[in-house]
Amino acid sequence: MTMESIGLAPSTLVFIILGLTLAAFMWGRFRYDLVALAALLGSVMLGLVPSDEAFKGFGHPAVITVAAVLVISRGFERSGVVDIIANQVLKVGERLLLQLLVLVGTVVVLSGVMNNVGALALLLPVAMRLAREHNTSPSLLLMPLAFGSLLGGLTTLIGTPPNIIIATYRGNITGENFGMFSFTPVGVAVALAGLMFIVLVGWRLTPKRSGQASTEEMFDTANYLVELKVSEESKANGLTLQQLHDELEEAIPVLAVVREDNRRAGYSFHGVLREGDILLLEAGPDELKLLEDKVGLSAIAEPEKDAQDSDETDSENEDTQPSDERQPVDTEGLQLIEAVVRNDSMMVNRSVRQLRLNQQFGLHLVAVARDGGRLKQRLRDIRFQTGDVLLLQGSENEIADSLATLGCLPLANRELHLGQPRKLALSIGIFALAIMAMLFDLLPAAVAMSSAALISLLIGVLPLREGYQAIDGPVIVLLAAMLPVGEALETSGGAEIIAEALLRFGVEWPIIVSLAGLFILSMLLSNVVNNAAAALLMAPIAASLASGFDVSLDPFLMVVAVSASCAFLTPIGHQSNTLVLGPGGYQFGDYWKLGLPLSLVVMVVAIPAILWVWPL
């Protein structure tokens, strides 16, 4: 199939491809890396991208730099650099404004020198712990924290993928890339303005969600736990817990086994059940009936229903509990932990059975919360989504590795572990050398960052397995696939067509109006697609616009760099926004309430600053 056989102009075909791609991004049915790969292959089949250049994006300097920065960021986490900072943040006190200033300020600084999603992931548990210790709604802290991570990424070349993409694009056009700190003057001005707005005004625009400050309130755990006794006639008598699950054909989590007043966690109980054993389970009415019918386990006699407790029980729990209120069971020592499902998690769109959580990872899934409330579906029927908050039980020594492998971020129960001083110093030293090599033009950014990542792996700052886990595969595929598609937008004349339309609109207005239009267009695009994809698509349009006005390319590229990272309006615009969706109990429409005024603040500050630092 060729363009000639279809009878459409190359620019028209590019617009069709991009239109379908953007629609698929917004629909969200398929992951963005698969959508991008489909766009690339479609472009090749239509002759828009030469077949021998289809996969050159995987070796593109921007892609290599992003992968290296992800590895270096994980090395910072592993060596304890960020944990030292986070440990100090926990001492901030109970004043909300001070908590916001320290939390958001810290994530802004960290996001400038490491991946912004990684910076947020490190401080998210700290924010959750602060909220719980001071009885503050996490929703007041988490959205400002996520937006702060985006602002911090604006300050350096390696802070966010759009900066790397724009720097590399400039190199392709002019022969000289933007440097490590070329983004700093404008980025710092925007980040400080955004930080002050969030701390002084913006947090008041975030919704205050109640009932999210503790595990017990989020999941109402105690009211879902039941004690079942093994009788002499019970089929469960003589079975192991694994055999019990096989009989039930469902992974109902056994959290503990009580035998002669000794309680052992379910994950560490490997013997057979005996008469008189008491099982502590997480079960609703359907599961209780299943346990009674299939293995003969019956609930220990329940007390009379307490009228006061009944009044306080909300309607959601009434649908899930039996007609009689169960007495709360002591949960002390159960080692329950909360975790949020990341965008790149292997759990997304998969069920407990498909993942084999218990057998392969040693984890019991106790409950799932989504959109701030506990899901009432049976656990085996739930397909996990990005941002889901999971209540899990597992071995204290192994749960951290299991969560890392699954792609989940532990929340409030995460302990801070300081790294070894020698490796901490090595990690900082390696990164500093890479920065110096870039500053003095000794090495290109991709080579400097890759060398730093390699050395970190060789000397043991980061284990090799974790190094590979740190590389966000979907983002790498997205970048590598969209780079040739973005070039096709330029070579087909599509970018020039869009630029000419903007030129006709702005010919009677000052150029600053066209810059504002470019900013708004790029910002809106970044809220429905990945910010890296927005930068890739908008860069050739910015270049054509600058050429049409016959002015410097730099201010137009800088506008795209800043606006592509302003994904403040939706939870799907950036991974940082999605990560706080579940823990904060936010809804889709909550983001624009803070995000829209923050976007306006950023635009009002950024455009004059860009024109001052990068004149036309």
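These are my notebook entries on one chain and a helix within it.

**Entry 1, whole chain.** I am working from a predicted model. I looked up burial first: of the 616 residues, 57% count as buried. Next I took the exposed surface. The chain exposes about 25,800 Å², and carbon and sulfur atoms supply 57% of that area.

**Entry 2, secondary structure and contacts.** I counted 29 helices and 10 strands in the chain. Then I checked how far apart in sequence the contacting residues lie. Taking contacts between residues at least 6 apart, I find that 79% join residues at least 24 apart.

**Entry 3, cysteines.** How many disulfides are there? I applied a cut-off of 2.5 Å between cysteine sulfur atoms. The count comes to zero disulfides. I also looked up two cysteines by name. Cys408 has 7% relative accessibility, so I log Cys408 as buried. Cys566 has a relative accessible area of 0% and is buried.

**Entry 4, helix α2.** I picked α2, which runs over residues 10–27 and has 18 residues. From first C-alpha to last, α2 reaches 26 Å, close to the 26 Å expected at 1.5 Å a residue.

Which residues of α2 are buried? I list Ser11, Leu13, Val14, Ile17, Leu18, Thr21, Ala24 and Phe25. Seen down the axis of α2, these buried residues fall within an arc of 160 degrees, so they line one face of the helix.

I then turned to the other side of α2. There, Leu20, Met26 and Trp27 are exposed.

**Entry 5, after the helix.** I checked the backbone just past α2. Gly28 takes a positive phi there, about 80 degrees.

Methods:
Residues are numbered from 1 along each chain as its sequence is written. This is a predicted model: local features need pLDDT of at least 70, side-chain atom pairs count only at pLDDT 80 or more; totals for chains, interfaces and linings use all residues. Side-chain values use heavy atoms; hydrogens and water are left out. Buried means under 20% relative accessible area, exposed over 50%, partly exposed in between (1.4 Å probe, protein chains only). Helices (H or I, at least four residues) and strands (E, at least two) are DSSP runs, numbered from the N terminus. Contact means heavy atoms within 4.5 Å. Accessible areas come from the Shrake-Rupley method with a 1.4 Å probe; for residues, only the protein chains shown count as cover. The expected span of a helix is 1.5 Å times one less than its number of residues. The arc is that of the directions from the helix axis to the C-beta atoms.
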